[in-house]
Amino acid sequence: MKHAFAWRLENVATGMLVVLATAAVLVPMLSRQDPLGIGDVLALRLVPPLSRDAHGVFHLLGTDRFGRDLFVRMMLAGRISLAVGVVGSVFASAAGTTIGAIAAWTGGIVDRVLMALADALLALPRLVLLLVCTTLWRPGLATVVVVLVFTGWMGVARLVRAELLGTRSQPYVDAARALGASPMRLLWRHALPNSLGPAIVATTLGVGNAILLESGLSFLGMGIQPPRPSWGNMIAGGRDLIVVAPWVAIAPGLALIVTVLACTLLGDSLRDRLAGEAGATLRDRA
Amino acid sequence: MLRRIAGALLLLWLVLTITFALIRLAPGDPATFLVPPSATPADAARIRAELGLDQSIWVQYARWAAGVLHGDLGESFSLQQPVTRVLADALPVSIGLGAASLALTFIIGVPIGMLQAARRGRPLDRALTILTTFVYAAPSFWLALALIAVFTYGAAAWGLPAAVRLPAFGLHAPGVQLQGRAAFVDLLRHAVLPVSILAAVGAAGIARYARSSVADVLSHEFVRTARAKGASAARVYFRHVLATVLPALVVLFALSLPGLVAGSIFVEAVFAWPGMGRLMVNAIIARDYPLVMGAAAVYAAVVVFANLAGDAALPLVDPRRRA
């Protein structure tokens, strides 16, 4: 019963992400609205959702203070947010996996230095570290991604290192070593593939986290810079309009929540499945 | 324990050194922000010399390190006050906000998670799972705007009673001098929205965690034994289950601090609370290096010592860890 529920939620989450990503790619491409340019502001601004503006154009989610269509902007922002989230999280995990593998496989002083560095960076709340980093360089898309990678590798590095230390003593690794496999081959072909489970879960959960952080930075004006839309800077743009035109801030917020929700559900179910498998192997062995 | 404390201090030093290196390696020059456009190059050079920015990075590091060891975090570039004084003004605001939220986080989050575990797979559990995941996924600054729309502007527009019309900005009602009880009530009313947001987001995370760890404990045989010997449901949950998950919750308490810090930065920004978060954001925008360093030091110290306190508290709640 519980399994069926988890299974269905997982499909719903995947479905939501697929629909969102497709819409983010297609909507700005097919729409005749200009999501960046500012036209006839007085006639077009703050049109409520599901209504037509003075020129008779229909706006699904209304328009913002400059008369730009919110739905198209939101989907364009979705491209940026999803891309930043996925790229930021995947690259952070790749960096973390590399560093974790180096630490576990070399051991000694290298291991201790790398782990001390990871601990030190973990001791600063990630947002504080992000804030310090983003403003050191010019704010923008590239800075956000680089900074997400720089502040996101530590958790995965620790996970991969811990897993590798466990896997290293498995009989099949000993067997491969006895057969004369080089340390690199042991790591790449035998130990690493069997140590990546937790890292994959962390990456999936990390996508949602990265999207939240990006939007937070953009909300504070330190992330994606207008006129390029991001859900965070769109919410910031609707901040002083919450009474007059609440939809301007509500719509991108809901998009953000749905996306992060889907990533979290997906990560959760992946983790449950992984835990189930680990449990099953343990039971088989017992 | 002494080793642990030494380790924590070393870690803190490492964090500060990394922050120092990061800030000094950045291309921006704080002097360009401080020197008025009309200043002559000579004036600019004098200002840089006064701030010690004309020295090599090693000299700057040595000076800064010597200062820190003497409890001197330097002088804020933008506010022209000692960093320690600026931090001392902002810290109580954030500690109050954080402590109230953290307490509520656990008071609300743990029972919800236990309830979910007890009703696992049933409609109530599913509804709460969806709710907690939703709140967990929602950015705190967006929740803040939503609550302000409802309880500040909405409540006034719909003519709701004064008790639910909550102020959204700052710590005190502007323009009036309140004394004693009235001042306290005013502060509480200003705190309701920020604290509820931080507590809600935190509680959602704790509930998600408590649900899975309690569900895990419920499958153990000692729970079945307790039930079989006729212990009441309350006794099973509070005496047996809660006691088993308590150590994990203590660890979580320390681990949840960074999230709380992040949340409080946004909440302080939206509600214009004069705390650490707003201080940090303003200091970064102004490239106020000493203040950024000072704020980062405080945050790092809070996290490092919370972890240390968590370690120290573990034996108190977990007899297996008593030496």
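Me: Hello! What is the mean pLDDT of chain A?
Reply: Happy to help, and please keep in mind that this is a predicted model. In chain A, 91% of the residues reach a pLDDT of 70 or more. The mean pLDDT of chain A is 82.

Me: Which element of chain A has the highest mean pLDDT?
Reply: The mean pLDDT of the elements in chain A has its low end at helix 2 (residues 41-44), with 68. At the other end, with a mean of 91, stands helix 3 of chain A.

Me: Over which residues of chain A is the pLDDT below 50?
Reply: There is one stretch to treat with care, where the pLDDT is below 50. Beyond near neighbours in sequence, this stretch has zero contacts in the model. In chain A it covers residues 279-286.

Me: And chain B, what pLDDT does it average?
Reply: In chain B, 96% of the residues score at least 70. Among its elements, helix 2 (residues 30-34) of chain B has the lowest mean, 63, and helix 5 (residues 83-118) of chain B the highest, 90. Chain B as a whole averages 83.

Me: What ipTM does the model score?
Reply: Two scores are given for the model as a whole, and one of them is a pTM of 0.84. The other, the ipTM, is 0.81.

Me: How many helices does chain A have?
Reply: Read along the sequence, the elements of chain A follow the pattern α-α-β-β-α-α-α-α-α-α-α-α-α. The β entries are the two strands of chain A. The α entries are its helices, and their number is 11.

Me: What share of chain A is buried?
Reply: Chain A has 286 residues, and its C-alpha trace spans about 80 × 50 × 30 Å along its principal axes. Of the contacts with a separation of 6 or more in chain A, 68% join residues 24 or more positions apart. The buried share of chain A is 48%.

Me: How do helix 3 and helix 9 of chain A lie to each other: parallel, antiparallel, perpendicular or oblique?
Reply: Helix 3 (residues 70-106) and helix 9 (residues 197-219) of chain A pack with their axes 8 Å apart, at an angle of about 135 degrees. This angle lies outside the 65 to 115 range for roughly perpendicular and is not over 145, the mark for roughly antiparallel. That is why helix 3 of chain A, set against helix 9 of chain A, counts as oblique.

Me: How many charged residues are in the contact of helix 3 with helix 9 of chain A?
Reply: Helix 3 of chain A brings residues including Val84(A), Gly88(A) and Ser93(A), and they meet residues of helix 9 of chain A including Ala202(A), Gly206(A) and Glu214(A). By class, the contact has nine nonpolar and nine polar residues. The number of charged residues is one.

Me: Is Ile99(A) buried or exposed?
Reply: Ile99(A) has its place in helix 3 of chain A. Away from its neighbours within four places in sequence, Ile99(A) is in contact with Leu114(A), Trp153(A) and Ala157(A). Because 21 C-beta neighbours lie inside 10 Å, and 20 or more is the cut-off, Ile99(A) counts as buried.

Me: Now for the two chains together. Which helix gives the most residues to the side of chain B that touches chain A?
Reply: In this contact, 40 residues of chain B meet 38 residues of chain A. The elements of chain B that give two or more residues include helix 6 (123-137), helix 7 (140-157) and helix 13 (289-317). By class, this side has 34 nonpolar, four polar and two charged residues. The helix that gives the most, with seven residues, is helix 1 of chain B.

Me: Which peptide bond of chain A is cis, with omega near 10 degrees?
Reply: Most peptide bonds are trans, as a general rule. One to look for leads into Pro227(A), in the loop between helix 9 and helix 10 (231-237) of chain A. The cis bond runs from Pro226(A) to Pro227(A).

Me: Is Gln80(B) buried or exposed?
Reply: Gln80(B) is found in the loop between helix 4 (57-69) and helix 5 of chain B. Its phi is near 50 degrees, a positive value in a residue other than glycine. Because 8 other C-beta atoms lie within 10 Å, and 12 or fewer is the cut-off, Gln80(B) is exposed.

Me: What is the phi of Ala272(B) near?
Reply: Ala272(B) sits in the loop between helix 11 and helix 12 of chain B. With 12 C-beta neighbours inside 10 Å, Ala272(B) counts as exposed. Its phi is positive, in a residue other than glycine, and lies near 55 degrees.

Notes
Residues numbered from 1 in each chain as written. Chains lettered and ligands numbered in written order. Predicted model: local features only at pLDDT ≥ 70, side-chain atom pairs only at ≥ 80, totals over all residues. Axes fitted to C-alpha atoms, helices over the stretch in contact; angles between N-to-C directions. Helix = DSSP H or I, 4+ residues; strand = E, 2+ residues; numbered from the N terminus. Parallel < 35°, antiparallel > 145°, perpendicular 65-115°, else oblique. Contact = placed C-beta atoms within 7 Å. Nonpolar A, V, L, I, M, F, W, Y, C, P; charged D, E, K, R; others polar. pLDDT = per-residue confidence, 0-100.
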